[in-house]
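The following note was prepared for a colleague who asked for a written account of the fold. It is arranged as numbered points, to be read alongside the coordinates.

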Amino acid sequence: MKEEDAGPPNRELYALLHLSPEASDEEIRKAYRQWAQIYHPDKYQAPHMKDIATENFQRICEAYEILSDVTKRQIYDIYGMEGLTSGLELGPKLNKVEELKEELERLRRRKEEEKTFAHFRPSGTILAKISLPHLLHGDRIMQGMAMASEVESQLSKRNAISIGGNLAVNGNSGGGVATGVFRHQISPVSSVQFMASAGLRSLIGVETSRQLSLHSTATMGIVMSLKDGSLNLSNSWTRQLSETATGNIQLALGPESSIEVGWKMKDVKRSAAGGLKFGTSSFEASAHYSHWFSSKSHGRISGKVGSSTLEVEVGGGRKLSNFSTVRMLYSIGIQGIFWRFELHRSGQKLIIPILISTHLNPMFATGAFILPTSVYFLLKKLIIKPYYRRREKQKALENMEKTSSKVLEARAAAEKAQQLLQNVANRKRNRQLETNGLVITRASYGNLTALGRKDESSATHDELTSQVLDVTLPLNFLVNDSGQLKLHEGVKKSGIMGFCDPCPGELKKLHLEYTYRGERYEVVVGDYEELLIPQEAHRI
């Protein structure tokens with residue numbers, strides 16, 4: 001399992017000084033003084049201990065220098081160490097959070113623009129229509145094919161151009177269209193684009209868009225056909241209904257006049273959309289809903305009903321990688337029973353609809369749904385899941401090999417930091433034992449999920465054990481005089497003094513066993529979760 005990106009960034013310095021991101025200036029000064037008493041080099045005579053103290057004291061001083069400076073702290077809170085080393089000039093003109101954000105966004109946009117200008121953005125779709133009934137009757141299995149491709153390039157900060165085309169063959173007829181679009185950003189809230197196409201639908205047109213308010217956008221366009229000189233006018237209005245939902249109204253006037261009302265919603269785990277479209281002699285209503293069961297798999301259901309269509313579609317998909325997704329969908333409607341296979345990779349799509357039958361026989365329709373579904377779940381259980389487990393395991397081992405030297409260095413630094421904490425930590429622990437207070441008996445930080453697998457081989461178990469760090473000593477050091485331990489929410493625990501990241505890229509947790517007033521307790525918390533002990537809920 002990979003490390004999640006949901007945790008707040010730019011908190012390592014707070015973890016180092018054991019502070020909340022909301023800590024006051026006085027709390028920062030107090031924490032600095034406490035840590036300086038432990039790690040000041042003048043406190044140690046032995047050369048190797050003095051070297052360890054010097055190294056960690058420099059880390060503490062750097063953290064204090066940044067967090068005690070209002071401007072530097074604001075930059076660090078927004079963009080971390082990258083912001084402090086990005087060439088941003090500090091001064092009295094940049095002393096507000098909004099101004100800092102604006103300036104740092106400008107620097108980031110500049111880097112993104114450099115990347116954008118260096119690359120084209122291609123996209124394309126291939127559609128292959130297959131018909132089993134035609135094959136059974138001795139006809140061609142391939143009944144149609146379509147290809148569409150587009151390449152977009154950013155000419156400058158405000159100008160972009162895209163060139164594309166499509167070809168389609170259906171039975172014994174076919175045709176194609178070539179298109180070109182030029183976009184110009186007039187201002188931060190308005191843009192205009194000019195378009196032209198040649199082929200079966202030769203036309204020219206212009207479209208302008210403007211942001212009317214923070215939540216509303218309007219678009220207006222006019223298109224003229226070069227074949228018969230007819231004009232088509234279009235207007236659309238889009239409004240942000242909530243953080244995850246938008247609504248739109250579109251009006252088209254011309255030979256194909258229509259009005260359309262739509263709604264879209266999308267959040268982390270689900271997406272939905274619905275719409276109504278009324279034309280001069282037709283209407284159509286459509287809706288779909290998708291739900292992500294995990295970060296890699298999702299299900300989908302959709303439906304259409306109108307004057308010339310009636311269709312229900314169900315299916316799902318799986319994410320193969322960061323760039324690739326496969327889908328399989330089953331649909332039934334007045335046109336027949338279909339399977340549809342899709343492969344999405346970056347901006348490219350391969351879509352293969354397969355007509356199973358034109359007759360809506362209930363038994364056949366049920367079988368056409370159950371058969372591929374059963375095959376999928378069998379393949380998933382017997383082949384796909386075992387394959388992905390092996391691949392994830394192999395990637396984890398490869399990641400361990402790549403980061404092994406850095407992890408060893410980080411472990412060595414953490415062990416050195418723990419050496420200087422040992423005397424004070426032991427004194428605190430003994431004091432808590434005398435008062436029957438809070439004593440951390442065992443604490444481990446790292447890939448505890450992998451470590452919990454008891455059925456692994458001895459060699460694999462040793463590899464997984466290397467992804468865990470014993471942090472009993474530093475946590476005993478952090479127990480306060482009142483007999484409590486608090487780790488702040490939103491602060492990654494690998495930054496705590498005496499900790500390190502034993503398994504970069506993997507999901508980490510902190511497992512604690514402790515005693516309090518003669519009772520035993522146990523708790524497991526996530527990398528960014530708050531920890532406050534003792535608590536009655538943790539009692540074993």
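The points below begin with overall figures and then take up the strands and the helix contacts.

1. Overall content. The structure is a predicted model. The protein holds 10 helices and 23 strands. It has 540 residues, of which 35% count as buried. The exposed surface amounts to about 32500 Å², with 56% of it supplied by carbon and sulfur atoms. Among contacts with a separation of 6 or more, 42% are accounted for by residues 24 or more positions apart.

2. The run from β14 to β15. Strand β14 covers residues 310-319 and strand β15 covers residues 324-333; nine bridges join the two, which run antiparallel. The connection between β14 and β15 is a hairpin of four residues. Within this pairing, glutamate 313 has serine 331 of β15 opposite it.

3. The run from β15 to β16. Here 10 bridges join the strands, again in the antiparallel sense. Two residues form the hairpin that links β15 to β16. Arginine 327 is placed opposite glutamate 342 in β16.

4. The run from β16 to β17. Strand β16 (residues 336-345) is joined to β17 by nine bridges, and the two run antiparallel. Phenylalanine 341 faces isoleucine 352 of β17 across this pairing. The hairpin of β16 and β17 has two residues between the strands, and serine 346 in that hairpin takes a positive phi near 50 degrees.

5. The pairing of β1 with β17. In which sense do strand β1 (residues 121-131) and strand β17 (residues 348-357) pair? They pair in the parallel sense, over six bridges. Glycine 124 stands opposite glutamine 348 of β17. Strand β17 thus has β1 as a parallel partner and β16 as an antiparallel one.

6. The four-stranded sheet. An open sheet has the strand order β19-β18-β21-β22, with antiparallel pairing. The edges are occupied by β19 (468-470) and β22 (519-526); each has a single partner strand, so one side of each lacks a neighbour in the sheet. On average, neighbouring strands of this sheet are turned by 15 degrees against each other, direction ignored.

7. Strands β18 and β21, and the helix on the sheet. Strand β18 (residues 439-446) pairs with strand β21 (residues 509-516) over seven bridges in the antiparallel sense. Isoleucine 440 is found opposite tyrosine 514 in β21. Helix α7, spanning residues 362-434, packs on the sheet and touches β18 and β19. The direction of α7 makes about 160 degrees with that of β18.

8. Helices α2 and α3. Helix α2 (residues 25-39) packs with helix α3 (residues 47-67) at an angle of about 170 degrees, and their axes lie 10 Å apart. Since angles over 145 degrees count as roughly antiparallel, α2 is roughly antiparallel to α3. On the α2 side the contact is made by Ile28, Arg29, Tyr32, Trp35, Ala36 and Tyr39; on the α3 side it is made by Ala53, Asn56, Phe57, Ile60, Cys61, Tyr64 and Leu67. By class, this contact has 11 nonpolar, one polar and one charged residues.

9. Helices α2 and α7. The axes of these helices come within 9 Å and cross at roughly 100 degrees, which makes α2 roughly perpendicular to α7. Trp35, Ile38 and Tyr39 of α2 meet Ala417, Leu420, Leu421 and Val424 of α7. The residues of the contact divide into seven nonpolar, no polar and no charged. Trp35 and Tyr39 are listed in this contact and also in the contact of α2 with α3.

10. Helices α3 and α7. How do the axes of α3 and α7 cross, and within what distance do they come? The crossing is at roughly 105 degrees, and the axes come within 10 Å, which makes α3 roughly perpendicular to α7. Met49, Ile52, Ala53, Glu55 and Asn56 of α3 take part, together with Ala413, Lys416, Ala417, Gln419 and Leu420 of α7. By class, the contact of α3 with α7 has six nonpolar, two polar and two charged residues.

11. Residues listed in two helix contacts. Ala53 and Asn56 of α3 contribute to the contact with α7 and to the contact with α2. On α7, Ala417 and Leu420 meet residues of α2 and also belong to the contact with α3.

Technical notes. Residues are numbered from 1 along each chain as its sequence is written. This is a predicted model: local features need pLDDT of at least 70, side-chain atom pairs count only at pLDDT 80 or more; totals for chains, interfaces and linings use all residues. Side-chain values use heavy atoms; hydrogens and water are left out. Two strands pair if DSSP finds at least two bridges between them. Axes are lines fitted to C-alpha atoms, for helices over the stretch in contact, and angles run from 0 to 180 degrees between N-to-C directions. Contact means heavy atoms within 4.5 Å. Angles under 35 degrees count as roughly parallel, over 145 as roughly antiparallel, 65 to 115 as roughly perpendicular and the rest as oblique. Ala, Val, Leu, Ile, Met, Phe, Trp, Tyr, Cys and Pro count as nonpolar, Asp, Glu, Lys and Arg as charged, and the others, Gly among them, as polar. Buried means under 20% relative accessible area, exposed over 50%, partly exposed in between (1.4 Å probe, protein chains only). Accessible areas come from the Shrake-Rupley method with a 1.4 Å probe; for residues, only the protein chains shown count as cover.
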